[in-house]
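Subject: Structure handover

Hello,

Here is the structure I promised to pass on. Please open it first, then read the notes below.

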Amino acid sequence: MQLMNDKVAVVFGVANKRSIAWGITKALADAGATIALNYQNDRMGDAVRKLAEDLPETPYMAACDVTNDDEVAAYFDGIQREFGRVDALVHSIATAKREELGGEFVDTSWEGYALSQQVSAYSLIALARHARPLMKGHESAVLCLTYYGAEKVVDGYNVMGVAKSALESNTRYLAANLGPDGIRVNALSAGPIKTVSAMGVSGFSSILDSVEQKAPLRRNVTQDDVGQAALFLLSDMARGITGQTIYVDSGYSIIGV
Ligand code: NAD
């Protein structure tokens, strides 16, 4: 019996083979889950469809930009028609204007601040709201991806650190709100991984170097490390865990000066 047999997993955030969401998707599919993916827009659809050829079964795929409420509603209407249920929901999406990821934090613009909050933090609430009727009444779980810059100042992370703080708080409020429906909500705080989004943070390679030098495991984590932990948190093995931020960071976050 595989961990995710008979379970439907909806994963937001696959863009390419380096995406953390792709590591999670592979782990869920290997554990027997039926997969549904989004892609941000039609331009990105071909790359996601091509990548999906590597999965054991062709997943359900549709466009969904989380800044467009109608698209989010239409996406979950499609999931309702296709599967009638959701057991696992993954939020692995974030964005910030490039000019906000570097320079002085005091220069953060309202537009840049609002965009990063909308896409990287608020959208967790919107996705959970639409998924709720499909998740209610059976063991189900939501997972989002966060980073250490939510709680400590990380050079260059700036506006995204503030969005991640909001995301972690959203996780706790959603966990309290949706727990009585049987829906667990957790955040996974991943160590730095070279992805398209991460490369937008100025000085990102020195963050990778710092983990290799200081983290207890003396190495950076991979998309597969995150995928395995995500599989655990989304499976019934984690049935007593909700509202938590769990670190998959080679232990970096426990180190002092
Ligand atoms: P990525 O660039 O591969 O993934 C980001 C995803 O967000 C893409 O699929 C993109 O299409 C999607 N996205 C952006 N705007 C969107 C919108 N308006 N609507 C729908 N989708 C949208 O990068 P990643 O590093 O895999 O990022 C995934 C998550 O992991 C993010 O939340 C990121 O903050 C988090 N994270 C990353 C790291 C890291 O070092 N890479 C560390 C910790 C947490």
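There are seven salt bridges in the structure. Keep in mind that this is a predicted model. Three of the salt bridges are described here, followed by a helix pair and a surface patch.

**Asp 236 and Lys 7**

Asp 236 pairs with Lys 7 in a salt bridge, and their closest N and O atoms are 3.2 Å apart. This pair joins distant parts of the chain, with the two positions 229 residues apart in numbering. Asp 236 sits in the loop between H7 and strand E7 (245–248). Lys 7 belongs to the segment before strand E1 (8–12). The two partners fall into separate burial classes. Asp 236 has a relative accessible area of 26%, so it counts as partly exposed. Lys 7 has 9%, which is under 20%, so it counts as buried.

**Asp 87 and Arg 85**

What is the N to O distance in the salt bridge between the side chains of Asp 87 and Arg 85? It is 2.5 Å. Asp 87 is buried, because its relative accessible area is 2% and the cut-off is under 20%. Arg 85 is partly exposed, at 31%.

**Glu 53 and Lys 50**

Glu 53 forms a salt bridge with Lys 50. The closest N and O atoms are 3.4 Å apart. Is Glu 53 buried or exposed? Glu 53 is exposed, with a relative accessible area of 56%. Lys 50 also has a relative accessibility of 56%, and it counts as exposed because the cut-off is over 50%.

As background, side chains of opposite charge can pair when their charged atoms come close.

**Helices H1 and H7**

Helix H1 covers residues 20–30 and packs against H7. Their axes are 7 Å apart, and the angle is about 55 degrees. That angle lies between 35 and 65 degrees, so H1 and H7 are oblique to each other. The crossing of H1 past H7 is right-handed.

**The surface patch**

H7 spans residues 223–234 and includes Phe 232. Which residues form a nonpolar patch on the surface with Phe 232? They are Leu 3 and Met 237. Together, the three have about 280 Å² of accessible area. Phe 232 itself is partly exposed, because its relative accessible area of 34% falls between the buried and exposed cut-offs of 20% and 50%.

Best regards

Terms used. Residues are numbered from 1 along each chain as its sequence is written. This is a predicted model: local features need pLDDT of at least 70, side-chain atom pairs count only at pLDDT 80 or more; totals for chains, interfaces and linings use all residues. Side-chain values use heavy atoms; hydrogens and water are left out. Patches are made of residues with over 30% relative accessible area and no salt bridge: like charges are joined within 9 Å, nonpolar side chains (Val, Leu, Ile, Met, Phe, Trp, Tyr) within 5 Å. Accessible areas come from the Shrake-Rupley method with a 1.4 Å probe; for residues, only the protein chains shown count as cover. A salt bridge is a side-chain nitrogen of Lys or Arg within 4 Å of a carboxyl oxygen of Asp or Glu. Helices (H or I, at least four residues) and strands (E, at least two) are DSSP runs, numbered from the N terminus. Buried means under 20% relative accessible area, exposed over 50%, partly exposed in between (1.4 Å probe, protein chains only). Axes are lines fitted to C-alpha atoms, for helices over the stretch in contact, and angles run from 0 to 180 degrees between N-to-C directions. Angles under 35 degrees count as roughly parallel, over 145 as roughly antiparallel, 65 to 115 as roughly perpendicular and the rest as oblique. A crossing is left-handed if the near helix is turned anticlockwise from the far one by less than a right angle, and right-handed if clockwise.
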